[in-house]
Every structure is written in structure tokens, then in C-alpha cells.
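New to this one? Here is a quick tour to read alongside the sequence and the model.

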Amino acid sequence: MGTARKFAAIEPAAGKLDRSIFSDQTVYDDEMEKIFGRAWLMIGHESLVPGADDFFHTYMGEDPVILTRDGERRLHALLNMCRHRGNRVCRVDDGNAERFMCSYHGWTYRNDGALEYVPGEAEAYYGALDRPSLGLIEARVETYAGIVFATWAKDAPSLEAYLGDARWYLDTVFNRRDGGMQALGPIKWLEPANWKTMVDNCSDNYHVPTSHLASARVQTRYLGRPRLSHEDQFASPNKHAFVNGHGVTFRDADDNMPRYVHGMSSENMRLFQEYHKATMPEVERRLGTFRAHRVQLGNHSIFPNGILGLRLALPRGPLKTEFWHFVLVERDAPEELKHAIRVGSQANNGAAGMFEQDDVDNWRQVTAASTSRLGRRQPQDLSMGLGHAGLHPDYPGLVSQRYISENNQRLFYRRWEEFMNAESWADIPLDSATARFDGTATMRG
Ligand code: FES
Ligand SMILES: [Fe+2]
């Protein structure tokens, strides 16, 4: 490593985490540079820009970015900043446009980023403006199963290497059908929480029977969902695994039941079961028998700020996060089923979601604790399951012995440190790929 190790936030052997990383402005400023400036970031979905010249306005960290599809149908991620004085060249959330004209002085860019027209180029600039070098700043773009990622780092590895064996698990939700998925949304809102608090929560099943007690009881009473207890969680054969910066939890699905999603109820369960059965031959062909039948991704995070499916925790200062909540549905699923998932997703996650409100209350308080003069001197305790995780014969990554563990949280903050202490991508380790990807599904879908 080129420089002295600056950040040592987590003590891996004891599981103690320095709380100041949730509130310090200087730490946050470094995160923007070293994490959001160099990681592959989820920025959208191909279905948000289906046609030529479609665009969708998004963010990479705090930087506004236009995701465009040019006339040749190629994707671009363009910094929404005019190269002249810096105005935003796009002021709307989405649309269809071949060009973006800056409303300050009229510099006009093509949707592939090239600066096409400058008022007075011959007269005012005397023909001396180096127009070809003044296109919109462009990030690298790659996709996985329709999900669009971008990075500012020229030296970043491929997205395939970045996701690594995490894709083995992600495929079981995002890459099941030949027709792919479609994104609905997003719902956007602000919370007074540090962005990392919800990322580490994605692998926290420990909180579910406590924090979501009332919400789960409502589901049991009105939707027929089985009761959930701490005992169930501790005895669960489900798994908690960490791969290459990404945290996953998953169900060992040995019962032919579809993956649980919000929107299921005793009334429509038959519909979900029929769909599961009808699509199984296709899923087996795409993912191989073992993954198709036995592996169902649960809560998960994609480093750094992708949370639970296509949801983003966009940093807006150390003490503020802008949530973007999308719903992903399989494009060829029956409309009735898509409708149930869409309604269920918004009823339980999203700004007015029952479960979401339980969660954000926790994240607000975890963040607030890091601002208390006395409280912040006391580290977080992330010691659960220390020494009880390792390699598994059937599942890639570091797999904890129990479903309930803080293994992924410890490793998430280790990954955070690796990025924060690195001079460049050359200093950031990647797990070597070991998983066998049976079936026909690929990075491209
Ligand atoms: S700032 Fe965009 S044209 Fe001047
Ligand atoms: Fe939760």
C-alpha cells in the first residue's frame, strides 16, 4: 500500500466498530472520493431507458448523472454538469432527447456526451475552442442482468470481477427468466441517517422478530404469513454469507415453495405457487438444478450502497441519506402477480412502508448516537458469531454457521476500510472466483 493505513474503524478480532465513521464530515468527504469515486455503483436499470434516446436522471454518490441510451442504443453515464460554468444540462427526471442544451449559455451536447454546438464558436471564441475535449464527463458503464452499474475509476476491474461469486446468489432473484426484469419507480425520500446504517442492516436478521414484531403480527393476522420468533431465526437452516464486499442472506429452499416477497397472502399464494412451478423448467435451464431449486436470495447488499434489490442509499452528507426505492418484477410474469408485488412492496417498504418505518427509526438512532459527545466514544459491538464462519462445500463466500450472525457487518466495515485506505484499485483485493455457474444465465441476462 502506498500510504500509511489511515482508517482502522473495525477491530476484526473483537468486533468493535468506531462510531465516528457515521457522523464525521472528514470521513464522509473521504468516502465520496475513495468509495463513491471508484466503486461500481448501481445507477438504474435498462428497462428505465428501453428505447433509443431515452434517458433517466440518477446519481453516483452526490454527483448528478444522466443515464442515456444513444441513437445506436449504447448506454452512457454522463455527469450532469456543463463543461463551461457547470450548470446542469438536464433538469428533469427522465424522458427522450437526442441532445441536452445548457440553459445558461446554450452549449449543446449529444446524448453520447459529445459537445455538438457552442453559440458563437467562430465569433466569440475565434475558432480557438477545443470543442472535442469538452464533452460531458463520462463514467464507465456495464450491466448485470439489466441492472446498470457505473464507475468513475478507469482502473476498476470488470463488473463481473467486482460482483464475483456474489452473482451466484444474485442470479436467483435477478436472472431467473429469459425475458428479464422491469423496474418500477422509484419512490424517493430523505432520512436523517448515515448511508452505511442501512447497508449493514441488509444482513441483519437478528432485528426482525424485535423491530418488526408489530408489522409481522399484522401480516400474520391479515395475510396468513407464518408467525416469526427468535427461536425460528436461531434454528433456521437459512444462510448468511459474505462475498467480495457484498452481503447476502439466503434460504435453503428444500420445499418447492416460491421465494417470499411482500405482496403474498394466503389468498393469492396459489398464484405464486403456480408461477413458481410453471417457470421452474426455464429457471433450471438458466441456473442449473441446484440453484433453481435450493437457493433463494433474501436480504442483501451490493457494495457500497445497493440495498435489497434495486434500492439505493444515496449519501447526502454524513447525517442524511436519500432513498430510492424501486420494485423489480419479472417482465413476463402475469399482470395479477406483478400488481400484488407492486402493492405489497410499497405497503411494506418505501416511504410509507410498514417495515421500512420500523427500520428507519433504528437507523436514525444509530446515526444520532454517533453525534453524541460521550456516546460516540463507545464503540458499536459487532461481535456476534465471531469465529463461526468459514468456507462451505456448497455455497461460495464466507458462510456463517447460523443465519443470525454479525459476520457480514464486520466484513462490510473491513471492505469499507480497504477502499478508504487504498491509493488506487491496485490496493483493493478481490476474492478469487470459485463458484460454478451452471445453466445458461450470464452477466448479460
Ligand atoms: S454554463 Fe453551460 S453554456 Fe455556460
Ligand atoms: Fe428490517
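Below are some notes on a metal site, a pair of helices and a covered helix.

This is a predicted model, where local features need pLDDT of at least 70, side-chain atom pairs count only at pLDDT 80 or more, and totals for chains, interfaces and linings use all residues. Residues are numbered from 1 along each chain as its sequence is written, chains are lettered from A and ligands numbered from 1 in the order written, and side-chain values use heavy atoms, with hydrogens and water left out.

**The iron site**
- The iron ion (ligand 2) has His 207 (NE2), His 212 (NE2) and Asp 359 (OD, listed twice) as its protein donors, 2.1 to 2.6 Å away; donors are N, O and S atoms within 2.8 Å of the metal (3.2 Å for Na, K and Ca), and sites may look incomplete because water is not among the atoms.
- Along the sequence, these donor residues follow the spacing H-x4-H-x146-D.
- Both His 207 and His 212 are buried, meaning under 20% relative accessible area (1.4 Å probe, protein chains only).

**Helices H8 and H9**
- Helices here are DSSP runs (H or I) of at least four residues, numbered from the N terminus.
- The axes of H8 (residues 269-294) and H9 (residues 335-348) come within 10 Å and cross at roughly 120°; axes are lines fitted to C-alpha atoms over the stretch in contact, with angles from 0 to 180 degrees between N-to-C directions.
- Leu 271, Phe 272 and Tyr 275 of H8 meet Glu 336, Leu 337, Ala 340 and Ile 341 of H9, contact being heavy atoms within 4.5 Å.

**Helix H3**
- H3 (residues 166-174) is mostly covered, with nine of its nine residues buried.
- Among those buried residues are Arg 167, Trp 168 and Asp 171.

Methods: Buried means under 20% relative accessible area, exposed over 50%, partly exposed in between (1.4 Å probe, protein chains only). Helices (H or I, at least four residues) and strands (E, at least two) are DSSP runs, numbered from the N terminus.
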